[in-house]
Amino acid sequence: MNTVTVRIPMPLRSYTLGADEVVVEAATVRQALEVLGARHEGILDRVLDPGGELRQFVNIFVGARNVQALDGLATPLAKGDVISIIPAVAGGHHECLRPMAR
Amino acid sequence: MTVRLPRDLRHALECWARENYPQEACGVLIGRQTETEVAITDVVRTRNLNIERARDRFELDPGDLLCAGERALGLGLDVVGIWHTHPDHPARPSETDRARAWEAWIYLIVPVRKDDVGEPRAWRLNGSGFVEKKLKS
């Protein structure tokens with residue numbers, strides 16, 4: 001187990017009583033998220049799907065690297081690592097919106 | 001809640017909106033949020049990963065969002081929202097915007113046409129819908 005920091009983005013801080021980071025003891029990214037979820041009810045459902053995999057619209061970084069480029073949720077952690085939960089952000093104007101008048 | 005966007009930052013958004021036209025531009029809003037106000041103190045332009053539909057969709061590069069967050073943290077600030085442009089469309093959130101929106105963040109939309117940039121509008125997700133927030137300089 002290593003002491004690591006999980007950074008919480010503003011949209012998920014309602015689950016952490018406003019805390020922007022949470023320190024946990026964990027050996028892997030999955031363990032860190034599970035400890036976070038045990039401590040702050042509801043947040044894990046926003047990050048992992050019912051099958052325990054990373055939700056489509058959430059990214060997890062360890063330091064500057066996306067875990068998708070590492071070992072996913074099994075990515076091992078070292079003492080002092082920083083895990084960032086990064087919401088996937090997308091959108092755009094829709095065909096149903098009326099174009100602006102010229 | 002009021003959203004404060006200084007004139008120089010609004011000007012930066014307008015320039016990026018024009019540069020990217022007719023494609024969407026997107027990025028991150030950095031600042032401070034209190035119960036009554038979101039004060040935007042910096043704006044960052046990020047890559048749009050949705051290259052195939054860049055004219056009407058954006059997908060913000062998560063690595064760029066991470067970097068923006070690091071920058072904000074270093075300044076004692078926070079990522080307080082997202083901005084993007086609506087080429088040839090009004091500054092109202094689309095269903096696509098709503099479906100992919102996150103609570104607590106401000107969504108600033110800049111309408112842009114070939115020869116003009118319109119008034120940006122600020123929105124925040126409240127339950128299942130967006131609520132407009134007053135935008136001041």
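These legends go with a set of close-up views of a predicted model with chains A and B.

**View 1. Chain A meets chain B across a shared contact surface.**
Let us start where the chains touch: 23 residues of chain A are in contact with 32 residues of chain B. On the chain A side, strand 3 (58–62), strand 5 (82–87) and strand 6 (90–91) each bring at least two residues to the surface that touches chain B. Strand 5 of chain A gives the most, with three residues. Sorted by type, the chain A residues on this side are 15 nonpolar, seven polar and one charged.

**View 2. A strand of chain A pairs with a strand of chain B.**
Here strand 6 of chain A and strand 4 (residues 58–59) of chain B run antiparallel, joined by two bridges. To find the spot, look for Ala90(A), which stands opposite Glu59(B).

**View 3. Five strands of chain A form an open sheet.**
The strand order is 2-1-5-3-4, and the pairing is mixed. At the edges are strand 2 (21–26) and strand 4 of chain A, each of which pairs on one side only. Helix 1 (residues 29–39) of chain A packs on this sheet, where it touches strand 1 (2–7), strand 2, strand 3 and strand 5 of chain A. The direction of this helix makes about 125 degrees with that of strand 2 of chain A.

**View 4. Three pairings hold examples of both strand directions in the chain A sheet.**
Strands 1 and 2 of chain A are antiparallel and pair over six bridges; within strand 2, Val24(A) is the bridge partner of Val4(A). Strand 1 of chain A also runs parallel to strand 5 of chain A, with three bridges between them. Follow Val6(A) across and you will meet Ile83(A) in strand 5 of chain A. Strands 3 and 4 of chain A pair in the antiparallel sense over two bridges, and Phe61(A) has Asn66(A) in strand 4 as its bridge partner.

**View 5. Helix 2 of chain B lies across strands of chain A.**
The strands beneath this heading are strand 3, strand 4 and strand 5 of chain A, and helix 2 of chain B runs at about 120 degrees to strand 5 of chain A. The helix has 13 residues (62–74), so at 1.5 Å a residue it should span 18 Å; its end C-alpha atoms are 18 Å apart, which agrees. Its buried residues are Pro62(B), Asp64(B), Leu65(B), Leu66(B), Ala68(B), Gly69(B) and Ala72(B). These buried residues pack against elements of both chains: strand 3, strand 4 (65–66) and strand 5 of chain A, together with strand 2 (26–33), strand 3 (37–46) and strand 5 (78–87) of chain B. Just after the helix, Gly76(B) takes a positive phi of about 75 degrees.

**View 6. Ala72(B) sits in helix 2 of chain B.**
Ala72(B) has 21 C-beta neighbours inside 10 Å and therefore counts as buried. Leaving aside residues up to four places away in sequence, Ala72(B) touches Ile30(B), Leu77(B), Asp78(B) and Val79(B). Gly31(B) is 41 residues from Ala72(B) in sequence, yet their C-alpha atoms are 7.5 Å apart.

**View 7. Chain B is built from three helices and nine strands.**
Reading from the N terminus, the elements come in the order β-α-β-β-β-α-β-α-β-β-β-β. The C-alpha trace of chain B spans about 35 × 30 × 30 Å along its principal axes. A compact globule of 137 residues would have a radius of gyration near 14 Å, and chain B agrees with its 14 Å. Buried residues make up 46% of the chain. Of the contacts in chain B with a separation of 6 or more, 61% join residues 24 or more positions apart.

**View 8. Some backbone details are worth a look in the loops of both chains.**
Most residues other than glycine have a negative phi, and most peptide bonds are trans. Tyr21(B) and Pro22(B) are joined by a cis peptide bond, with omega about 10 degrees; Pro22(B) is in the loop between helix 1 (7–20) and strand 2 of chain B. Leu17(A), in the loop between strand 1 and strand 2 of chain A, has a positive phi near 55 degrees. With 7 other C-beta atoms within 10 Å, Leu17(A) is exposed. Asp88(B) also has a positive phi, near 60 degrees, and lies in the loop between strand 5 and helix 3 (95–99) of chain B. Asp88(B) is partly exposed, with 18 other C-beta atoms within 10 Å.

Conventions
Residues are numbered from 1 along each chain as its sequence is written. Chains are lettered from A and ligands numbered from 1 in the order in which they are written. This is a predicted model: local features need pLDDT of at least 70, side-chain atom pairs count only at pLDDT 80 or more; totals for chains, interfaces and linings use all residues. Two residues are in contact if their C-beta atoms, placed from the backbone, lie within 7 Å. Helices (H or I, at least four residues) and strands (E, at least two) are DSSP runs, numbered from the N terminus. Ala, Val, Leu, Ile, Met, Phe, Trp, Tyr, Cys and Pro count as nonpolar, Asp, Glu, Lys and Arg as charged, and the others, Gly among them, as polar. Two strands pair if DSSP finds at least two bridges between them. The radius of gyration is taken over C-alpha atoms; the globule rule is 2.2 Å times the number of residues to the power 0.38. A residue is buried if 20 or more other C-beta atoms lie within 10 Å of its own, exposed if 12 or fewer, and partly exposed in between; C-beta atoms are placed from the backbone. The expected span of a helix is 1.5 Å times one less than its number of residues. Axes are lines fitted to C-alpha atoms, for helices over the stretch in contact, and angles run from 0 to 180 degrees between N-to-C directions.
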